[in-house]
Structure formats: structure tokens, C-alpha cells
Amino acid sequence: MASHHHEARASSVTTSNMKTSAVMVLLAWCCLLSQTLASIEKRNAEEDNYYDDEPPPTLSPDFNICDIKGSYPIYCYCNNINPNEATEGNCWIIDDMSNAQNQHIWEGLSTQSGIQSLTLHLRSDGILHRIPTVAIQHLP
């Protein structure tokens with residue numbers, strides 16, 4: 001009889017330990033999930049509000065997306081380089097066009113508001129997570 005009581009007590013302790021372990025694992029998963037969701041929300045907020053911390057950079061008045069001079073993460077080749085006369089554009093993204101410092105470059109498409117066909121090429125070292133609305137709002 002004593003051995004039966006001892007087995008029942010051992011079984012009770014083992015079950016209790018298993019429940020404690022399961023609760024600990026569940027808590028660990030909840031913490032991990034919470035941190036992951038917080039990280040995703042923070043990243044989405046940063047992408048949506050990339051100009052909140054400081055005013056956006058601006059393009060020079062003579063900037064022309066089809067005739068880029070200087071170092072930019074994008075280069076476009078158009079069927080006409082004169083402002084607002086191109087109807088076709090091929091743009092090569094050669095660096096990170098998704099980071100906040102480069103978002104203003106998409107405004108450069110306003111210099112060629114007649115573009116009817118725009119092709120974006122992403123080089124292997126280029127980065128483009130999404131196409132901002134500003135990139136296409138100036139197109140017909």
C-alpha cells in the first residue's frame with residue numbers, strides 16, 4: 001500500500017513538473033511573439049513615416065530623372081532627356097532605394113510627367129522593398 005501511495009505521489013510530482021515546463025515554454029513563446037510583433041510594427045511605422053524625424057531632402061531645381069548627374073542609387077535612361085518630353089523610361093536601381101535618405105529621389109519622376117511606359121530594373125546589389133506612391137503619382 002505504501003508503494004502505491006509513493007507511485008501516486010511520484011506521478012503527481014511528474015505531472016506537476018510537466019505542467020510547469022509547459023507553462024514556461026508557453027510564456028517563452030509569448031514573449032518571443034510579442035517582441036517579433038513589436039519589431040514588425042516599429043519597422044512598418046518607420047517605413048510609413050520616414051520623414052517624421054526630419055524634413056525630407058530636396059532635389060535641385062535642375063534635377064532631371066532622365067539625365068541624372070552625380071551619384072544616385074538609381075539611373076534612368078529615357079527616349080528623350082529633355083524635361084517632360086520622355087514617353088519611355090528604363091530605370092536601374094543600383095543601391096538602396098527603400099531607405100529614408102533616398103525617398104525624395106522618387107519625386108524626380110515629376111520632371112518627366114509624360115512617361116507612359118516606365119520599367120524598373122533591380123540590379124543584384126539594388127534594394128527596393130516597395131514602390132512608393134510618389135513614384136507613380138506624376139505619371140499619366
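**Reasoning from values to words**

Me: N84 sits in the loop between β1 (74-78) and β2. What makes the phi of N84 stand out?

Reply: Hello! Bear in mind that this model is predicted. The phi of N84 is near 60°, a positive value, and N84 is a residue other than glycine. Most residues other than glycine have a negative phi. The positive sign is what to notice here.

Me: Why is N84 called partly exposed?

Reply: Its relative accessible area is 43%. Buried needs a value under 20% and exposed a value over 50%. N84, at 43%, falls in between, so it is partly exposed.

Me: On to the cysteines. How do you know that C66 and C78 form a disulfide?

Reply: Their sulfur atoms are 1.9 Å apart, and the cut-off is 2.5 Å. The pair is within that limit, so a disulfide joins C66 to C78. The bond links distant parts of the chain: C66 is in the loop between α1 (2-48) and β1, C78 is in strand β1, and the two are 12 residues apart.

Me: Which handedness does the link of C66 and C78 have?

Reply: It is left-handed, with -75° about the S-S bond.

Me: How many disulfides does a search of the whole structure find?

Reply: There are 2. In the other one, the sulfur atoms of C76 and C91 are 2.0 Å apart, which again is within 2.5 Å, so this pair counts too. With 110° about the S-S bond, the link of C76 and C91 is right-handed. C76 lies in strand β1 and C91 in strand β2, so the bond ties together parts that are 15 residues apart in sequence. Counting bonded cysteines along the chain, the pattern is 1-3, 2-4.

Me: Why does C76 count as buried?

Reply: Its relative accessibility is 5%, and buried means under 20%. C91, at 2%, passes the same test. C78, at 18%, is also under the limit, so it counts as buried.

Me: What do the side chains along β1 do?

Reply: They alternate. I74, C76 and C78 point to one face and are buried, while Y75 and Y77 point to the other and are not. In a regular strand the side chains alternate between the two faces of the sheet.

Me: How do you know that β1 and β2 pair?

Reply: Pairing requires at least two bridges. β1 and β2 have 5 bridges, so they pair, and the sense is antiparallel. In one of these places, C78 has G89 as its bridge partner in β2. Those two residues are 11 apart in sequence but 4.3 Å apart in space, C-alpha to C-alpha. Leaving aside neighbours within four places in sequence, C78 is in contact with C66, A86, E88 and G89.

Me: What makes D67 and K69 a salt bridge?

Reply: The N to O distance between their side chains is 2.7 Å, and the limit is 4 Å. The distance is within the limit, so the pair is a salt bridge. D67 is partly exposed at 31% relative accessibility. K69, at 60%, is over the 50% mark and therefore exposed. The search of the whole structure finds 2 salt bridges. D125 and R123 form the other, also with 2.7 Å from N to O. D125 has a relative accessible area of 39% and R123 has 37%, so both are partly exposed.

Me: How do you know that D96 has no salt bridge?

Reply: The nearest side chain of opposite charge, R130, is 9.9 Å away. A salt bridge would need atoms within 4 Å, so R130 does not qualify. D96 is buried nonetheless, and it is found in the loop between β2 (88-93) and β3 (117-122).

Me: Which backbone nitrogen lies 2.8 Å from a polar atom of the side chain of D96?

Reply: That of S98. The backbone nitrogen of N99 lies 3.2 Å from a polar atom of the D96 side chain. Polar contacts reach up to 3.5 Å, and both distances are within that. Not counting residues up to four places away in sequence, D96 touches P73, N102 and I127.

Terms used. Residues numbered from 1 in each chain as written. Predicted model: local features only at pLDDT ≥ 70, side-chain atom pairs only at ≥ 80, totals over all residues. Heavy atoms only, no water. Helix = DSSP H or I, 4+ residues; strand = E, 2+ residues; numbered from the N terminus. Buried < 20%, exposed > 50% of the residue type's maximum accessible area, 1.4 Å probe, protein only. Lys, Arg positive; Asp, Glu negative; His and termini not counted. Polar contact = N/O pair within 3.5 Å; in protein donor to acceptor, adjacent residues only side chain to side chain. Contact = heavy atoms within 4.5 Å.
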